Amino acid sequence: MYACWNARAVGLTMTAADAIETAARADFEGIDLLVRDIVDSGANVPSLRRRMDALGLRGGGWTLPMNWKNEAEAFEVDLAKLPRYAAAAAELGLLRTGTWVRYESDPIGDDALADPDRCRAEVTRSLAWQTERLARIAEVLNREGSRLGLEILGSRSERTGKGVVLTSSYEELLRTFNALRQALPNVGVLADAYHLYASGEPATAALGWGCDSLVWVHLADPANPDRSTMRDVERRLPGESVEGLSRQLLTLMAECGYDGPVTAEPLMQSRSFNSSEPLARAQATRESLRRVWP
């Protein structure tokens, strides 16, 4: 496994060229990139890849460039653009992307929430359309050699209470989407230390499909370790608040032979940074990964 720089994951907006230079200067081994921005801006993809190679940077993960949970017409428009983005990602050596599955259904009303049969029907409906859309995305990605990692949102504070709870743990994710994994082996798991902690699960919960299913690893500590009130946007760098959280996950990944990217994801509002200067933020992020690396 190797440490990747992701500028957006630490609250920075940078061009791909600048992010590549910053990653190298901060001694990262790989880099995650926003491929949609690269393609839409008309940036020279082969030139970016040559610079990555010259600096010894491996391709890490790339952000899935679509909101697949939107209306049907918008989904089809986004899906039609995905092959172009996936091809550019492959050219850059980025073959892993990820997305979170829904933790709650659309609002269904108090009467429906009080009716077990209607709740079960809504769960079935919601999981069916998610599986269908994820399968179509995975098929496109597979043609370009990319893998799709699924993750949960474990923070209870993200739930509105107006819909039925769908997938709030990795155990549930693996059970719910197992058929999808069997049909499309490029579908796997994005193991996120923050969400594992929020869901109250051990690190091993992300390994139910086996080590070869691991697509990407994200690390962050909760700024507030109280699972009943922690909010997704309130994070710190790995190793700063919950003792052993990120190290436990990485140790498990190393023991099972995970060979993919590891990305720190404290997000924009993190109080871990003393500076907004890109190199200083990158160096702080790199040092946090060294502290938790097994």
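A polar contact is a pair of N or O atoms within 3.5 Å, where one must be able to donate a hydrogen and the other to accept it. Keep that cut-off at hand for the exercises below, which explore a predicted model.

**Exercise 1. A histidine and its partners**

Find His195 and work out which side chains make polar contacts with the side chain of His195.

*Solution.*
- Step 1: Locate the residue. His195 sits in helix α9, which covers residues 193-199.
- Step 2: Look at its surroundings. Leaving out residues up to four places away in sequence, His195 touches Glu151, Ile152, Leu153, Gly154, Ser155, Asp232 and Arg235.
- Step 3: Apply the cut-off. The side chains of His195 and Asp232 are joined by a polar contact of 3.4 Å. Another polar contact, also listed at 3.4 Å, links the side chain of His195 with that of Arg235.
- Step 4: Check the accessibility. His195 has 2% relative accessibility; buried means under 20%, so His195 counts as buried.

**Exercise 2. Two helix pairs that share α3**

Decide how α1 and α3 are oriented, then do the same for α3 and α4.

*Solution.*
- Step 1: Begin with helix α1 (residues 16-25) and helix α3 (residues 45-55). Their axes come within 10 Å and cross at roughly 5 degrees.
- Step 2: Compare with the cut-off. Angles under 35 degrees count as roughly parallel, so α1 is roughly parallel to α3.
- Step 3: Name the residues that meet. From α1 they are Ala16, Ala17, Ile20, Glu21 and Ala24, and from α3 they are Leu48, Arg51, Met52 and Leu55. Sorted by class, this contact has seven nonpolar, no polar and two charged residues.
- Step 4: Turn to α3 and helix α4 (residues 72-91). Here the axes come within 9 Å and cross at roughly 30 degrees. That angle makes α3 roughly parallel to α4.
- Step 5: List this second contact. Val45, Pro46 and Arg49 of α3 meet Ala88, Ala90 and Glu91 of α4. The classes are four nonpolar, no polar and two charged.

**Exercise 3. Helix α11 from its start to its buried residues**

Describe the span of helix α11 and find which of its residues are buried.

*Solution.*
- Step 1: Take the span. Helix α11 (residues 278-292) has 15 residues and reaches 22 Å from first to last C-alpha, close to the 21 Å expected at 1.5 Å a residue.
- Step 2: Look at the loop before the helix. Ser275 lies between β10 and α11 and is partly exposed, with a relative accessible area of 28%. A polar atom of the Ser275 side chain lies 2.9 Å from the backbone nitrogen of Glu277. Ser275 also touches Ala280 and Arg281.
- Step 3: Look at the start of α11. A side-chain oxygen of Glu277 comes within 3.1 Å of the backbone nitrogen of Leu279.
- Step 4: Pick out the buried residues. They are Leu279, Arg281, Ala282, Thr285, Arg286, Ser288, Leu289 and Val292. Residues three or four places apart point the same way, because an α-helix has 3.6 residues a turn.
- Step 5: See what covers them. The cover includes β1 (2-5), α1, β7 (214-219), α10 (245-256) and β10 (261-264).
- Step 6: Zoom in on one residue. Ala282 is buried, with a relative accessible area of 0%. Beyond its neighbours within four places in sequence, Ala282 is in contact with Trp5, Thr22, Ala26 and Phe28.

**Exercise 4. A buried threonine**

Find the side chain that makes a polar contact with the side chain of Thr263.

*Solution.*
- Step 1: Place the residue. Thr263 lies in strand β10 and is buried, with a relative accessible area of 1%.
- Step 2: Gather its contacts. Setting aside neighbours within four places in sequence, they are Cys4, Asn6, Asp32, Trp216, Val217, His218 and Leu219.
- Step 3: Identify the partner. The side chain of Asp32 makes a polar contact of 2.6 Å with that of Thr263.

**Exercise 5. Two positive phi values**

Locate Asp27 and Leu267, and give the sign of phi for Asp27 and Leu267.

*Solution.*
- Step 1: Recall the background. Most residues other than glycine have a negative phi.
- Step 2: Inspect Asp27. Phi is positive, about 70 degrees, although Asp27 is not a glycine. Asp27 is in the loop between α1 and β2 (30-33) and is partly exposed, at 45% relative accessible area.
- Step 3: Inspect Leu267. Phi is positive here too, near 70 degrees, and Leu267 is in the loop between β10 and α11.

Methods: Residues numbered from 1 in each chain as written. Predicted model: local features only at pLDDT ≥ 70, side-chain atom pairs only at ≥ 80, totals over all residues. Heavy atoms only, no water. Axes fitted to C-alpha atoms, helices over the stretch in contact; angles between N-to-C directions. Helix = DSSP H or I, 4+ residues; strand = E, 2+ residues; numbered from the N terminus. Parallel < 35°, antiparallel > 145°, perpendicular 65-115°, else oblique. Contact = heavy atoms within 4.5 Å. Nonpolar A, V, L, I, M, F, W, Y, C, P; charged D, E, K, R; others polar. Expected span 1.5 Å × (residues − 1). Buried < 20%, exposed > 50% of the residue type's maximum accessible area, 1.4 Å probe, protein only.
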